[in-house]
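User: I'm new to this one, so could you pick a single part and take me through it closely? Please show how that part fits in with the rest.

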Amino acid sequence: MKVWPQPPNLGKSKLEAILINRLERSGLGGFVTQHRFAMPARRWAFDLAYVYQLAAVEVEGGGWVGGRHVRGGGFAKDLEKYAEAACRGWLVLRVDAAMIEDGRAVEYVRRILKLRGE
């Protein structure tokens with residue numbers, strides 16, 4: 001599998017930083033941030049990716065305040081990104097603030113990594 005050069009850290013959201021901290025404290029490190037896929041044709045990146053397991057985590061913010069991911073154009077672009085990821089064998093977990101806060105996000109990641117043989 002080709003691993004593309006990653007962009008410099010473009011700044012994690014507060015939610016991403018919290019999730020990263022919780023994953024690492026739970027022994028679920030080994031991910032990369034802002035992993036680009038579908039290169040060179042597209043410049044999509046996952047918030048977190050377990051590259052060799054083809055498992056990604058996308059932190060979805062703004063769901064209750066009309067953020068980009070829930071408005072027409074942004075939503076459509078995300079659908080295209082996730083469809084292409086699925087066609088390439090990626091399992092993409094989408095989580096929000098509530099899932100990060102109550103621990104479901106970490107538990108889902110744990111289950112996915114187990115499913116993917118980690």
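Helix H1 and its surroundings

Analyst: On the other side of H1 from its buried residues, Lys14 and Arg25 are exposed (over 50% relative accessible area with a 1.4 Å probe, protein chains only; under 20% is buried, and in between is partly exposed). Before going on, this is a predicted model, where local features need pLDDT of at least 70 and side-chain atom pairs need 80 or more, while totals for chains, interfaces and linings use all residues. Numbering runs from 1 along each chain as its sequence is written, and side-chain values use heavy atoms, leaving out hydrogens and water.

Where does H1 sit in the overall layout? The protein chain has four helices and four strands (DSSP runs of at least four residues for H or I and at least two for E, numbered from the N terminus), and they follow the pattern α-β-β-β-α-β-α-α along the sequence. Of the 118 residues in the chain, 38% are buried.

Now the helix itself. With twelve residues at 1.5 Å each, H1 should span 16 Å (1.5 Å times one less than the number of residues), and its end C-alpha atoms, 17 Å apart, agree with that. The buried residues here are Glu16, Leu19, Ile20 and Leu23. They fall within an arc of 105° seen down the axis of H1 (taken from the directions from axis to C-beta atoms), so they line one face of the helix. An α-helix has 3.6 residues a turn, so residues three or four places apart point the same way. Just past the helix comes Gly27, with a positive phi near 80°.

What covers that buried face? The cover includes S1 (32-36), S2, S3, S4, H3 and H4, going by contacts (heavy atoms within 4.5 Å). Turn to H4 (residues 104-115) and you'll find H1 (14-25) again: the buried residues of H4 pack against H1, S2 (45-50), S3 (55-59), S4 (91-95) and H3 (97-101). Those buried H4 residues are Ala105, Val106, Val109, Ile112 and Leu113. They cover an arc of only 125° around the axis, which puts them on the same side of H4. Over on the other side of H4, Arg111, Lys114 and Leu115 are exposed. H4 is followed by a glycine too, Gly117, whose phi is positive, near 85°.

Two of the buried H1 residues turn up again in the largest nonpolar core, which has 19 residues, with Leu19, Leu23, Tyr50, Val95 and Val109 making the most contacts inside it (such a core joins buried Ala, Val, Leu, Ile, Met, Phe, Trp, Tyr and Cys through side-chain atoms within 4.5 Å). At least two of its residues come from each of H1, S2, S3, S4, H3 and H4. H4 gives the most to this core, with five residues. Leaving aside residues up to four places away in sequence, Val109 touches Leu23 of H1, along with Leu28, Tyr50, Val57 and Leu93. Another core of ten residues lies apart from this one, and includes Phe37, Ala38, Val51 and Leu54. In soluble globular proteins, nonpolar side chains tend to be buried together.

To zoom out, among contacts in the chain with a separation of 6 or more, 57% join residues 24 or more positions apart.
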